[in-house]
Amino acid sequence: MKYFYLLLIGLSLGCTKNTKSSGKASVKKDTIAIQVAPIPLDGKKANYLYTFAYNCVDQEYPNKLNQVLGDGSYLKTPQALHPAFYGCFDWHSSVHGHWTLVNILKSFPEFKHREDVLKKLKTSITESNILKEIEYFDDQYNKTFERTYGWAWLLKLSESLKDWNTTEGTTLAKNLEPLTQLIEEKCIEFFNKLNYPIRVGEHPNTAFGMSFALDYAKKYSPKLKQVIIKQAKLFYLKDKGCPITWEPGGFDFLSPCLQEASLMAKVLPKTDYISWLDQFLPGFRDQPSNYISTVEVVDKTDGKMAHLDGLNFSRAWCLNQIGQTLNNKKMLTLANTHFNASYSKMDSGEYAGAHWLASFALYALQTGQQNM
């Protein structure tokens with residue numbers, strides 16, 4: 001009987017509080033936004049993260065070209081082949097290094113290193129450099145170069161430049177536009193002809209490529225948006241019981257299950273999404289920490305093993321996006337836990353992680369801000 005009265009009191013207080021906050025009528029429990037304080041994107045973090053990208057966007061070596069050689073004439077330096085995106089060890093890391101710098105300037109217009117950063121951006125993203133990049137993608141042996149990971153990051157960079165309502169943003173977006181259009185076309189062609197999604201935890205993951213490309217397409221490419229939504233439903237709508245407890249693989253920097261769940265949160269209406277998610281990841285909404293926990297890199301000199309720090313960050317952004325869609329406090333809390341697990345370990349002095357992790361950390365922070 002004692003617990004019955006306590007329950008009545010608790011329910012009464014809850015109803016009173018909800019009625020008072022609405023001013024008109026009680027608010028249903030499932031419509032109440034659950035607040036979890038996001039990790040702040042402050043000036044201190046911006047100054048820390050910018051250094052990684054700033055130092056590597058024009059660092060040519062070491063470099064992994066990942067090219068197909070047609071003959072001896074293909075043997076050229078990274079900068080000769082990719083005058084815009086030759087730094088940061090590989091092409092895609094250079095692209096998201098540029099994205100990192102752009103987004104720091106967008107978030108902090110008075111950033112103390114603004115002029116130095118702008119100088120590098122203006123040096124690399126020029127009209128002539130971008131046309132040279134297009135020549136590489138048009139080569140008969142390299143038409144699939146950076147499919148789809150680098151493509152997705154290129155669209156993400158273009159999205160940020162187009163959203164950056166400044167003279168510099170407008171100019172850089174215009175310079176990048178020919179390559180943006182080419183990548184749009186490549187995405188449309190590839191997603192339309194792909195029979196089966198690629199479900200790995202590394203670069204070719206289809207859900208990741210679609211998710212980033214969809215963010216761009218919702219604003220700037222109706223045709224690409226239509227293709228992604230159609231194909232995402234075709235690929236993923238019937239999926240059930242994703243084996244998330246099998247994750248991670250030793251070299252993963254993406255979670256195949258969470259990347260798919262994050263994409264579908266952008267594709268489906270909320271009610272449909274909840275029904276889909278409960279079949280795709282049974283029990284995950286209620287107790288996400290029962291299924292995944294933070295991961296640790298045991299050898300930061302090993303470029304593949306260093307991927308796992310990126311996995312903490314990419315899980316964080318997926319958990320933020322899913323958690324915000326569902327107003328799920330446990331997911332948002334787990335996102336913060338994953339972010340914190342790797343953020344303090346980025347500055348190890350090892351280029352294997354330093355050349356790319358800042359972009360993953362920054363994107364995780366950005367997705368967290370959407371909960372504010």
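A disulfide is a pair of cysteine sulfur atoms within 2.5 Å. The exercises below use a predicted model, in which local features need pLDDT of at least 70, side-chain atom pairs count only at pLDDT 80 or more, and totals for chains, interfaces and linings use all residues. Residues are numbered from 1 along each chain as its sequence is written, and side-chain values use heavy atoms, leaving out hydrogens and water.

**Exercise 1. Find the disulfides and describe each link.**

Step 1. A search of the whole structure gives two disulfides.

Step 2. Cys56 is joined to Cys88, with an S to S distance of 1.9 Å. The angle about the S-S bond is 80°, and this link of Cys56 and Cys88 is right-handed. The pair connects distant parts of the chain, 32 residues apart: Cys56 lies in helix H2, and Cys88 in the loop between helix H3 (78–81) and helix H4 (91–107). Helices here are DSSP runs (H or I, at least four residues), numbered from the N terminus. Both Cys56 and Cys88 are buried, where buried means under 20% relative accessible area, with a 1.4 Å probe and protein chains only.

Step 3. Cys242 is joined to Cys257, S to S 2.0 Å. With -85° about the S-S bond, the link of Cys242 and Cys257 is left-handed. Cys242 sits in the loop between helix H10 (222–236) and helix H11 (256–267), while Cys257 is in helix H11, 15 residues apart. Cys242 and Cys257 are buried.

Step 4. Counting bonded cysteines along the chain, the pattern is 1-2, 3-4.

**Exercise 2. Why is Cys318 without a bond to the closest cysteine sulfur? Treat Cys187 as well.**

Step 1. The closest cysteine sulfur to that of Cys318 belongs to Cys257 and is 11 Å away, so it is too far for a bond. Cys318 is buried, with a relative accessible area of 1%.

Step 2. Cys187 takes part in no disulfide, and the nearest cysteine sulfur, that of Cys318, is 18 Å away. Cys187 counts as buried because its relative accessibility is 2%.

**Exercise 3. Describe the place of Lys45 and the packing of its helix.**

Step 1. Lys45 is in helix H2 (residues 43–56). Its relative accessible area is 13%, so Lys45 is buried.

Step 2. Contact means heavy atoms within 4.5 Å. Apart from neighbours within four places in sequence, Lys45 is in contact with Ile39, Pro40, Tyr343 and Leu365.

Step 3. Two packed helices are described by the angle between their axes and the distance between the axes. The axes of H2 and helix H16 (residues 357–369) come within 9 Å and cross at roughly 150°. That crossing makes H2 roughly antiparallel to H16 (angles over 145 degrees count as such).

Step 4. H2 contributes Lys45, Leu49 and Phe52 to the contact, and H16 contributes Ala358, Ala361, Leu362 and Leu365. By class, these residues are six nonpolar, no polar and one charged.

**Exercise 4. Which residues have the most contacts inside the largest nonpolar core?**

Step 1. A nonpolar core is a set of buried Ala, Val, Leu, Ile, Met, Phe, Trp, Tyr and Cys residues joined through side-chain atoms within 4.5 Å.

Step 2. The largest one has 109 residues, and Phe85, Leu179, Leu224, Tyr273 and Leu281 have the most contacts inside it. Helix H8 (residues 167–193) gives the most to this core, with 10 residues.

Step 3. Take Leu179 as an example. Not counting residues up to four places away in sequence, Leu179 touches Phe85, Trp91, Ile130, Glu133, Ile134, Phe137 and Leu154.

Terms used: Helices (H or I, at least four residues) and strands (E, at least two) are DSSP runs, numbered from the N terminus. Buried means under 20% relative accessible area, exposed over 50%, partly exposed in between (1.4 Å probe, protein chains only). Axes are lines fitted to C-alpha atoms, for helices over the stretch in contact, and angles run from 0 to 180 degrees between N-to-C directions. Angles under 35 degrees count as roughly parallel, over 145 as roughly antiparallel, 65 to 115 as roughly perpendicular and the rest as oblique. Ala, Val, Leu, Ile, Met, Phe, Trp, Tyr, Cys and Pro count as nonpolar, Asp, Glu, Lys and Arg as charged, and the others, Gly among them, as polar.
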